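Me: Please show me the model, and then let me ask how some of its descriptions are justified.

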Amino acid sequence: MNIKELTTTAQKPEIYTKGTAEMWVDDYISTQLLETHLNQQIDLASRKETTISSTVEWILNKIPGERMNILDLGCGPGLYTEKLAKKGHKVTGVDFSSTSIQYARKSAEKKNITISYKHQNYLELNEVDSYDLILMIFTDFGVLSPDQRTILLAKIYRALKPGGVFLFDILNDNFPTKESGLKGWELSEKGFWRDSPYLALSETFYYEEEKVILNQHIIIEETGKMETYRFWMHNFSNVDIKKILSSQRFCITECYDSVLPGCDMYRSEDVTFCTAIK
Ligand SMILES: C[S@@+](CC[C@H](N)C(=O)[O-])C[C@H]1O[C@@H](n2cnc3c(N)ncnc32)[C@H](O)[C@@H]1O
């Protein structure tokens, strides 16, 4: 192991510096993630089934409509898409994890539910005037850099029908940023990150001015090979979010607190749901 290189890698990076690898599309890690999505003990990767059911009810009360054309960005294993399709809507799910998309396709087939799944990076979405409602759930809007956000919002705007709604959730200013500064390590024969021995060095950093937390994980394999995984998480006030959406031509943005029942991760009071209209 090259300690000097490790010391440099472990420094607080300049904001939005990319890691060397992406966990969602890694063959091994994505199977671990699929288990996490489906785990009913914890609201991690996806929320628990009861929370998803109540969220879908909330969404359809907020945006009522018959046989809407709905797109779920970052749909994961299809936990929302299936519920929406069962309510009679025409649903498309997009995700760049082939593990999740394969699971979602099989699950829909088994349950005889018609859903269109696309294995695609949502930053490459290329549709025009197609959807009544576009969803992005589990605070994924906040993991994007401002540049990615601008690209995605332009694509969502284009893909919505006139009057269509973009509905998403964010971490709000209640989210405890003081949790930054945490450091931890894991030494494992086989675990979340690898199916072979590894050392994981994890640290969180806070970028106060931008209201961004970075969760950084450096994974070192037995051979000395090292990868860095970085997860950027923004928190937003209602004012922040309205400003961002209006700068991207959305006309009305509404924010709603207390949509989630008590969740263990993230807490209900830390999450705000938002709707923006084309
Ligand atoms: C935190 S999970 C949430 C999954 C789902 N929305 C839910 O709540 O059950 C984030 C999902 O977004 C997907 N994802 C992340 N970045 C993506 C991108 N650029 N394009 C497509 N999918 C992406 C991941 O593969 C993962 O399935």
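Me: What makes the pair formed by D95 and an oxygen atom of the ligand a polar contact?

Reply: This is a predicted model, in which local features need pLDDT of at least 70 and side-chain atom pairs pLDDT 80 or more, while totals for chains, interfaces and linings use all residues. Residues are numbered from 1 along each chain as its sequence is written, and side-chain values use heavy atoms, without hydrogens and water. A polar side-chain atom of D95 lies 2.6 Å from an oxygen atom of the ligand, and a polar contact is a pair of N or O atoms within 3.5 Å, so the pair counts.

Me: Which atom of I137 is 3.0 Å from a nitrogen atom of the ligand?

Reply: For I137 it is a polar backbone atom, whereas N121 places an N or O atom of its side chain 2.9 Å from a ligand nitrogen atom.

Me: Why are helix 3 and helix 4 called oblique?

Reply: The axes of helix 3 (residues 49-62) and helix 4 (residues 79-86), both DSSP runs of H or I with at least four residues, come within 10 Å and cross at roughly 50°. Angles under 35 degrees count as roughly parallel, over 145 as roughly antiparallel, 65 to 115 as roughly perpendicular and the rest as oblique, and therefore these two helices are oblique to each other.

Key
Polar contact = N/O pair within 3.5 Å; in protein donor to acceptor, adjacent residues only side chain to side chain. Axes fitted to C-alpha atoms, helices over the stretch in contact; angles between N-to-C directions.
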